[in-house]
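Good morning, everyone, and please have the sequence and the model open as I speak. I will go through one part of it slowly and then turn to another place in the chain.

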Amino acid sequence: MHLVSVPPLLAFARKHPASKQALQTWCAEVKKAQWQQPADIKAQFASASILKNRRVVFNIKSNDYRIVVAVAFNTGFVYVKFIGTHLEYDAIDADTIEPD
């Protein structure tokens with residue numbers, strides 16, 4: 001998959017150093033993936049939540065952090081829509097959130 005919007009992930013890792021290793025691992029896994037449908041994501045990341053509008057929520061570092069992405073299966077692009085702490089995630093609508 002082609003991971004779009006990596007700079008926000010890097011900025012988040014600088015702000016939250018405890019997330020860095022988990023984010024690097026997640027990014028590497030996503031870049032190696034070849035998802036064709038939501039079931040492929042669930043097979044790789046059992047704890048991922050599949051939402052409407054091609055949205056997926058990933059738990060990072062034992063659910064300390066959350067990433068919301070939009071997946072374009074036909075082109076292989078994964079767009080980062082949100083990254084934050086669990087508390088920050090609770091304050092957003094994952095179905096509609098867009099990056100600033």
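In the hairpin of β3 and β4, where 4 residues lie between the strands, K61 takes a positive phi near 55 degrees. Please keep in mind that this is a predicted model. The two strands of this hairpin, β3 with residues 55–60 and β4, run antiparallel and are joined by 6 bridges, and if you look for V57, you will find that its bridge partner in β4 is V68.

Let us follow the chain to the next hairpin, that of β4 and β5, which also has 4 residues between its strands, and in which G76 takes a positive phi near 80 degrees. Here 8 bridges join β4 to β5, residues 77–85, and this pair runs antiparallel as well, with A72 standing opposite F77 in β5.

Now, how many of the 8 residues of β4 are buried? The count is 8 of the 8, across residues 65–72, and so this strand is largely enclosed by the rest of the structure. If you trace the side chains, Y65, I67, V69 and V71 point one way from β4, while R66, V68, A70 and A72 point the other way, and all of them are buried.

Finally, please find P8, which belongs to helix α1, residues 6–15. Is P8 buried or partly exposed? P8 counts as partly exposed, because its relative accessibility is 37%, and buried would require a value under 20%. Although P8 and P99 are 91 residues apart along the chain, their C-alpha atoms are separated by 8.9 Å.

Conventions
Residues are numbered from 1 along each chain as its sequence is written. This is a predicted model: local features need pLDDT of at least 70, side-chain atom pairs count only at pLDDT 80 or more; totals for chains, interfaces and linings use all residues. Side-chain values use heavy atoms; hydrogens and water are left out. Buried means under 20% relative accessible area, exposed over 50%, partly exposed in between (1.4 Å probe, protein chains only). Two strands pair if DSSP finds at least two bridges between them.
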